[in-house]
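Welcome! This short report is a guided walk through one structure, stop by stop. Have a look at the sequence and the 3D view, then read on.

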Amino acid sequence: MVNVEERYAVFPFYLCLDASASMAGTPMESVNRQLPLLRAAVGEDPAVAEVIRFGVVTFDDVAHTTLPLSDLSLVEAVPTVVAAGRTSYAAAFDHLRQTIEDDYHASRGKGDRWYRPAVIFVSDGRPTDDRERWQSAHSRLTDTGWKRHPNILSFGFGDADPAVLAHVSECKPHRAFIAAEGAEPATVVPELLAGLIQSIVSSSASVYSGEAQLVPPEVPSMTPIPVDELD
Amino acid sequence: MSALDSVPTAVSRPELRAGEMLAEGGEGRVYELVGRPGTLYKAYRRPAQLAPLEALIAWEARLAEAQPELAARVRAATAWPQAVVTQPGAAGGTAAGLLLPRAPRRFAVRHRDGTSRLATLSYLTADPGQRAAAYGLALPAPVSADRIGIVYALARVLEAFQRAAPPVGHGDLSTRNILWSLERGPEVFLLDCDSCERYSPDGEALDSGHRRRAMTPNWDDPATPAGANPTLASDRYSLGLIFLRVVGAAHFPLQRRQRDSELLSIDFAIPPAARRTRSLLDGAVVWSVCARSLSTRDPARRPAAAEWVSALEEVLDGLGAMSAARAVWAAQGGGTPAPSPTRSAEQAADVRVRPVAMSGAGRRWERVRPPGPGLPALPQSTRPAPPAAAPTRTAAPAPLPAPPSIVELARTGLGRGGELWLGAHRATLASLSRAGRRRRATRQVIGCLVLDFALLAVIFYMCAMVAGVLLGI
Ligand SMILES: Nc1ncnc2c1ncn2[C@@H]1O[C@H](COP(=O)(O)OP(=O)(O)OP(=O)(O)O)[C@@H](O)[C@H]1O
């Protein structure tokens, strides 16, 4: 039975943004200039907005929900992000797991059905917490026993470590990307966010087909991190 | 005068002065033309085949001669290609682009932030409350004459497509390609008509069987296999889906279930105001036309747009809104009433659509039953008689039942008032508890205060009246 109350399932996107001190200056200014464009591009098109939910999580020593998961057509302004502190990947992953779980239940309560969430992880550095700590937080986030485990796309520039990013994206091909050596954040960040808009718009079209697909952003100045095949 | 007299059907690219780029689509870029405000230039990414485009331009010119009344609808309500643009020195038989009429300004909406955007159907295909909150637009209520009028306007354009010889199919009747306006009464304006296709009477594509014509994902025809082109019958499916989505103001995600061969039972919510409208009751023609349009069993038997025109006219008439139909005729170069809809003996085996009413408190769905004795009077038909050639309506006049009792009216009135009051206060509380919406919340608080004050005043006045009588003042 189909009735007026049945809606399309929504596709949740979380932008998980490194807001450590190294992002201060140009990269952060660029982020703060681009996020309102993303809000407008997605939110102002009802055909895209109605199937996308978008949230921003930032992390330094701790992680914060900067923009709670929202229907962007109902968001009037995206809060600005301030950079400070170190780069705790563990804080980011733990926070994401909790946020996704909470958001999922809140959405269900309102009658929304979900596609598997996507996390767009962006970092310009290496984790400052110890390896064991961030890796165990990561494995809790990606635990396949947890029904809501997200697909993670990761993007690095500056001092980001390709091997670490590949790990964040669970060593899946075409999920981790790194900027060319010496690429300026002032070019990389806008490209990345423009790519993210395109990715959200294309993914929203696939939602309507009933088989949502995460379409990775195209970022010309970034290349996929090769992932070796295991034997 | 036909389009051919005023505009040459082929223009050389160097003769054009392209202005600002308006939009970029999958197939090309759309530019303004310097000095020609009503015309746009669509430049293809890759040179297109010339012959099918010329055939479309000639199709409309011929229609203008053979059936001017149908051609007027096409001209008023579509961006039908006016001329091909060729590039000197390019390979023979190719077109660099097209000249198209620009959608008139009234086919736009203004968002709260002041920006103006094309009024695509997506503003109408979801809960108007959500769209109002998001963009600050006042949109018509579900199942209102405005919404039905918009679908009616579309049905009349498709009727022209289908009754022409040869018939044409649009093939991608999706949210982005259909614009609407209510400024002069309900109107539509179809874009992307250069991907229309001419068909032989038995449904064979005449021009571009080999050209890929994709449908938009949630607006596609589930009877066509993935990767296949839409057919002449696909527009008929689209019209049924657009009726559900625009008039019902909801999503109705059907296609995947239909591709999985599920049998569909669609419950269509009728708001209290329209619940007694005979032409919307369970068993009314419009529901069977809708179900047959959505059927995937035998696409060729889906009802033609002309059946929709009759059925929707009857619905408008039932709502006492023939003025909407007349506005559509005026906007589309004239019109007369369609023949009364006839009930087809056919039924869709795979789809059922029925009207339901949501009963207030319990949120329980009930069927909207045909009227029994004791229901209020139906509005008198204000529909002019169809022209002599058309069969006239033969149905016996409806018996005039007794009006509802005062008590019943007062009860429903109070109930609705209470719901509205509660709703307004809830919405205000919700806005207050949300950061970043302070201006809106303030406005709502003021609204609620005014409302409460007015209510108090009324209650006080009524108490005073009663007390006055009791005290003998
Ligand atoms: N007649 C018109 N009046 C106003 N705007 C128009 C008109 N035709 C096209 N546009 C604008 O240009 C955009 C692209 O047009 P159109 O759909 O014809 O191109 P396309 O390349 O075939 O697109 P797609 O195949 O992606 O739908 C439209 O979405 C609309 O914004």
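Which polar side-chain atom lies 3.1 Å from an oxygen atom of the ligand? It belongs to D192(B). Please keep in mind as you read that this is a predicted model.

## Around the ligand

Let's stay with the ligand for a while. D192(B) is not alone in offering a polar atom to the ligand: G26(B) places a backbone N or O atom 2.7 Å from a ligand oxygen, and K42(B) has a side-chain N or O atom 2.7 Å from an oxygen of the ligand. On its own the ligand would expose 610 Å², and the protein buries 82% of that area.

If you zoom out a little, you will find 16 residues surrounding the ligand. The closest are G26(B) and K42(B), which we have just met, together with E27(B), P101(B) and A103(B). Sorted by class, this shell has eight nonpolar residues, four polar ones and four charged ones.

## Where the shell comes from

Two strands of chain B are good landmarks here. Strand 3 (28-33) and strand 4 (39-49) each supply at least two residues of the shell.

Why can we say that the ligand lies between two domains? Domain 1 (1-102) and domain 2 (104-370 + 378-393) of chain B both give residues to the shell, so the ligand lies between them.

## The largest cavity

Next, let's look for enclosed spaces. How many cavities of 30 Å³ or more are there? The count comes to two. The largest of them holds about 70 Å³ of space, and the residues that line it include L15(A), M23(A), F157(A) and L196(A).

Strand 2 (11-18) and helix 6 (185-208) of chain A each supply at least two residues of this lining. Helix 6 of chain A gives the most, with four residues. As for chemical character, the lining of the largest cavity has 10 nonpolar residues, with no polar and no charged ones.

## The second largest cavity

For the other cavity, turn to chain B. The second largest cavity has about 30 Å³ of space, and its lining is made of A76(B), A77(B), E187(B), V188(B), A331(B) and Q332(B). Helix 3 (68-77) and strand 11 (187-190) of chain B are the elements that give two or more residues to this lining.

Here the lining divides into four nonpolar residues, one polar and one charged.

## Two backbone details

Our last stop is the backbone, with one detail in each chain. In chain B, A165(B) and P166(B) are joined by a cis peptide bond, with omega at about -5°. To find P166(B), look in the loop between helix 5 (145-163) and strand 9 (168-169) of chain B.

In chain A, turn to H174(A), a residue other than glycine with a positive phi, near 60°. H174(A) sits in the loop between helix 5 (162-168) and strand 7 (176-179) of chain A.

Methods:
Residues are numbered from 1 along each chain as its sequence is written. Chains are lettered from A and ligands numbered from 1 in the order in which they are written. This is a predicted model: local features need pLDDT of at least 70, side-chain atom pairs count only at pLDDT 80 or more; totals for chains, interfaces and linings use all residues. Side-chain values use heavy atoms; hydrogens and water are left out. A residue is near a molecule or strand if one of its heavy atoms lies within 4 Å of it. A polar contact is a pair of N or O atoms within 3.5 Å; within protein, one must be able to donate a hydrogen and the other to accept it, and residues adjacent in sequence count only if both atoms are side-chain atoms. Accessible areas come from the Shrake-Rupley method with a 1.4 Å probe; for residues, only the protein chains shown count as cover. Ala, Val, Leu, Ile, Met, Phe, Trp, Tyr, Cys and Pro count as nonpolar, Asp, Glu, Lys and Arg as charged, and the others, Gly among them, as polar. Domain bounds come from an automatic or database domain assignment. On a 1 Å grid over the protein atoms alone, a cavity is a set of points where a 1.4 Å probe fits but cannot get out, and a pocket is an open set with protein on both sides within 12 Å along at least five of seven lines; lining residues have an atom within 4 Å of a point. Grid points are joined across faces, edges and corners, and a volume is the space filled by probe spheres set on the points.
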